[in-house]
Amino acid sequence: MELLLQQLKKIFYHRSFWIFVTLSCLAILHLYFVWRTSDKIPSLIDVLGWISIGFLLWKRKYSLKFRGSIAASIIGLALILWMLIRHILGQHYLSKVDVLYGCFPVITCIGLLLITSGFRKLITYKNALFIAALISLPYASLYNFLKPVITLDAQLLHFMLHYLGFQTTRKGAIVYLANGSVEVMPSCSSVGPILTMLPFIVVLLSIYPTRKSQKFFVYISSIFAIILINCLRLSLLAILLDRGDIDGFNYWHTGGGAGIFSNLIVFLIGGLSYKFLNKSYESNLQSISIKNKI
């Protein structure tokens, strides 16, 4: 019992413990804010984003200390308090479309990292800040920015159905079949899976030391794999709709079948990326050991 109390006391007195407590409170507040303003459960990208940020900081838990300068600490604390006050008052006085209202993750993360590392070492947390910026951007802006992906989804859907023997025509994001039409909406496009998988890929790339060419290959191959898998899902939906199978369409569109493709994307992209990065890491270790022997 005394040993357990000593370990708990050691944890409580460790500075990084309070950093992660603060990060957890900020994450819970942000998810609560998303739930209150949108009247729906926070999306997977919000949850995975905060988990990814926590994991990236956990990797450096032994170097996390309150080592920022006085000026950096004051600015960091001011940024956190400013966003907290905006969130508390914003539910009654501010508009839901307020731009800075949605920048809570990136601003509070910058504030917390300024307190822990100061201005000079802030750039070393670029991966965590990238994820924080990703979950801070409004979905409408992200979908507009990635609108060419929606057009690419429609083009691939039209191409795949044509070579499967279906008589199809395409107009923009709408693909017409003999007995109906399918419109590739932003929510059904590859944009959502890409944004959801980005934090996961960033975490994987942070685990293994990789060159820029390897990072570029992982990002590009993951995006194309996601687009291909989502195109298979859209093709299945289009075929079911053309045959008049509404029950099957609903199952694969909003029912349990939709989760199968989501899990397929996660396991396939995660597995292939892990295998590629792990193989590259092992080959680098072997080359280093050979050089040391020589």
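This talk goes through the cavity, one pocket, an aromatic pair and a surface patch of a single structure.

Please keep in mind that the model is predicted.

I'll start with enclosed space. How many cavities of 30 Å³ or more are there? The count is one. The largest cavity holds about 30 Å³ of space.

Its lining comes from several parts of the chain. Leu 23, Ile 53, Leu 57, Cys 109, Leu 112, Leu 113 and Ala 128 line the largest cavity. Two helices, H3 at 44-58 and H5 at 104-117, each supply at least two of the lining residues. H5 gives the most, with three residues. As for chemical class, the lining of the largest cavity has seven nonpolar residues, no polar ones and no charged ones.

Now to open space, and to the second largest pocket. About 300 Å³ of space lies in this pocket. Its lining is made of 15 residues, and those nearest the centre are Leu 56, Thr 124, Lys 126, Asn 127 and Ser 206. Which elements give two or more residues to that lining? They are H3, helix H6 (126-136), helix H9 (191-207) and helix H10 (212-242). H6 gives the most to the lining of the second largest pocket, with four residues.

The classes are mixed here. The lining of the second largest pocket has eight nonpolar, three polar and four charged residues, whereas the lining of the largest cavity has no polar and no charged residues. H3 appears in both places: it supplies at least two residues to the lining of the largest cavity, and it is among the elements that give two or more to the second largest pocket.

Next, the aromatic rings. The structure holds four aromatic pairs. One of them is formed by Phe 159 and Tyr 163, with 4.7 Å centre to centre and 50° between the planes, a tilted pair. Why are these two residues about one helical turn apart? Phe 159 and Tyr 163 are separated by about one helical turn because they are four residues apart in helix H8, residues 147-163.

Last, the surface. Leu 77, Leu 81, Ile 85, Ile 88 and Leu 89 make a nonpolar surface patch of about 470 Å². Ile 85, one of the residues of that patch, lies in helix H4, which covers residues 70-90.

To recap on the two spaces: the largest cavity has about 30 Å³ of space and a lining to which H5 gives the most. The second largest pocket has about 300 Å³, and H6 gives the most to its lining.

Terms used. Residues numbered from 1 in each chain as written. Predicted model: local features only at pLDDT ≥ 70, side-chain atom pairs only at ≥ 80, totals over all residues. Heavy atoms only, no water. Patch = residues over 30% accessible without salt bridge, like charges linked within 9 Å, V, L, I, M, F, W, Y side chains within 5 Å. Areas by Shrake-Rupley, 256 points an atom, 1.4 Å probe, with all protein chains shown as cover. Salt bridge = Lys/Arg side-chain N within 4 Å of Asp/Glu carboxyl O. 1 Å grid on protein atoms, 1.4 Å probe; cavity = no way out; pocket = protein on both sides within 12 Å on 5 of 7 lines; lining within 4 Å. Points joined across faces, edges and corners; volume = space filled by probe spheres on them. Nonpolar A, V, L, I, M, F, W, Y, C, P; charged D, E, K, R; others polar. Phe/Tyr/Trp six-rings, centres within 6.5 Å; stacked < 30°, edge-to-face > 60°.
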